[in-house]
Amino acid sequence: MSAATPLPQERRLVTAIPGPKSQELQARKLGAVAAGVGTTLPVYVSRANGGVLEDVDGNSLIDFGSGIAVTNVGNSAEAVVAKATEQLAAFTHTCFMVTPYEGYVAVAEQLNELTPGDHDKRTALFNSGAEAVENAVKIARAYTKRTAVVVFDHGYHGRTNLTMGLTAKNMPYKQGFGPFAPDIHRVPVAYPYRWLTGAENCAAEAAAQAIDIINKQIGAENVAAIIIEPIQGEGGFIEPAKGFLPAIVEYAKANGIVFVADEIQTGFCRTGQWFACDDEGVVPDLITTAKGIAGGLPLAAVTGRAEIMDAAHAGGLGGTYGGNPVACAAALGAIETMKEQDLNGKAQRIGEIMLGRLRALQEKFADNDSVRIGEVRGRGAMIAVELVKAGGKEPNAEATAAIAKACHAEGLVVLTAGTYGNVLRFLPPLVMPEHLLNEGLDILENAFAAV
């Protein structure tokens with residue numbers, strides 16, 4: 001199905017979820033695909049467009065996942081399909097390191113312009129978010145001639161050996177896969193909902209603790225990079241308390257440390273701004289991007305200060321497929337779509353609707369002994385609810401899984417997250433029509449009532 005003949009933006013269930021054809025494919029998957037490649041919802045997609053996914057059984061599901069914040073512009077966005085198709089017909093690959101092409105340069109120019117700060121920038125393109133983070137570490141080490149890397153509690157940065165070491169959560173990301181890369185150090189993050197002395201003290205106390213650990217246990221003079229997600233994704237959509245990020249940036253700048261913003265999940269209009277850093281005027285030295293960059297095609301980038309990016313020697317950065325021409329064409333189409341359709345504004349509108357509905361849901365179930373919403377949080381179209389047990393803040397992973405399962409059965413794709421497995425996260429495509437968004441929230445409310 002082409003972008004010219006979009007799918008009806010409606011939920012439609014004609015079989016149980018998953019249906020018989022999906023079940024057949026799942027049986028084939030179990031016999032052909034490694035067991036370590038898990039599946040949240042074994043519904044096999046045949047077509048997708050805008051805010052819906054159509055499966056092989058003819059069911060149409062509401063998509064509150066966007067392929068984990070990838071299809072920000074919607075699936076099969078017209079400009080993405082058109083530009084990628086044109087590029088496919090021209091050539092599919094040459095390797096930019098062998099014989100270059102304009103698309104790579106054009107994407108780099110766009111990223112240099114769009115990312116925070118008006119300083120001179122350079123960009124390098126890669127394949128995945130983890131690869132971008134790993135290269136950011138390489139670049140920071142080349143520039144500073146230091147080796148230590150500082151990351152934060154609840155952070156997620158990827159599945160390669162180095163990025164597993166940077167990631168906080170053990171299961172399923174790290175269990176049994178060590179040993180990991182050395183000289184990685186973890187410090188507290190400003191998690192307002194769970195800060196022991198209260199959210200009002202969170203930013204100052206968390207920053208002071210993090211800086212104290214760096215000074216005493218590592219030595220600022222040994223730190224090449226501090227890496228943080230401006231809103232932590234897999235950790236549970238944790239938005240650090242206001243003031244925390246600027247304090248860490250100031251410390252990094254004062255000590256010659258490269259500050260890296262991992263905007264792989266938060267970037268490209270997801271939070272209602274081009275990048276989540278924009279919210280507090282944070283200007284990172286390096287920024288890593290992927291996911292929403294190319295409308296569903298694999299592409300990632302490191303963008304940053306020219307003097308830092310240029311510190312790596314010629315040939316030190318790259319990769320066979322990095323900045324693939326078809327993916328670059330798709331990225332140019334995605335960025336064009338974001339600009340022309342004001343997806344920042346649409347993300348803000350999604351946030352208004354979702355936060356209002358979810359806070360009402362929190363109030364409705366405030367006295368429910370089976371499931372309670374401890375906190376509703378997020379910005380733009382990156383929204384989450386943290387579920388806790390009655391009488392306190394004990395994580396309720398069981399209820400979280402049950403609600404997700406109930407939503408899936410009714411044709412709503414939702415994702416879970418959180419260090420404690422007790423967060424429902426919502427990442428609808430930014431082009432989702434409001435009637436579909438509200439229908440999805442109705443399904444969610446019914447799932448809460450049923451648990």
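## Surroundings of D183 and the two largest pockets

A polar contact of 2.8 Å links the side chain of D183 to that of H185, and another, of 2.5 Å, links the side chains of D183 and T147. A polar contact is a pair of N or O atoms within 3.5 Å; within protein, one must be able to donate a hydrogen and the other to accept it, and residues adjacent in sequence count only if both atoms are side-chain atoms. This is a predicted model, in which local features need pLDDT of at least 70 and side-chain atom pairs count only at pLDDT 80 or more, while totals for chains, interfaces and linings use all residues. Residues are numbered from 1 along each chain as its sequence is written, and side-chain values use heavy atoms, with hydrogens and water left out.

Beyond its neighbours within four places in sequence, D183 is in contact (heavy atoms within 4.5 Å) with R141, T147, A148 and V149. The C-alpha atoms of D183 and V149 are 6.4 Å apart, although 34 residues separate them along the chain.

The pockets are compared by lining class below. A pocket is an open set of points on a 1 Å grid over the protein atoms alone, where a 1.4 Å probe fits, with protein on both sides within 12 Å along at least five of seven lines; lining residues have an atom within 4 Å of a point.

| Pocket | Nonpolar | Polar | Charged |
|---|---|---|---|
| Largest pocket | 21 residues | 19 residues | ten residues |
| Second largest pocket | eleven residues | seven residues | two residues |

Here Ala, Val, Leu, Ile, Met, Phe, Trp, Tyr, Cys and Pro count as nonpolar, Asp, Glu, Lys and Arg as charged, and the others, Gly among them, as polar.
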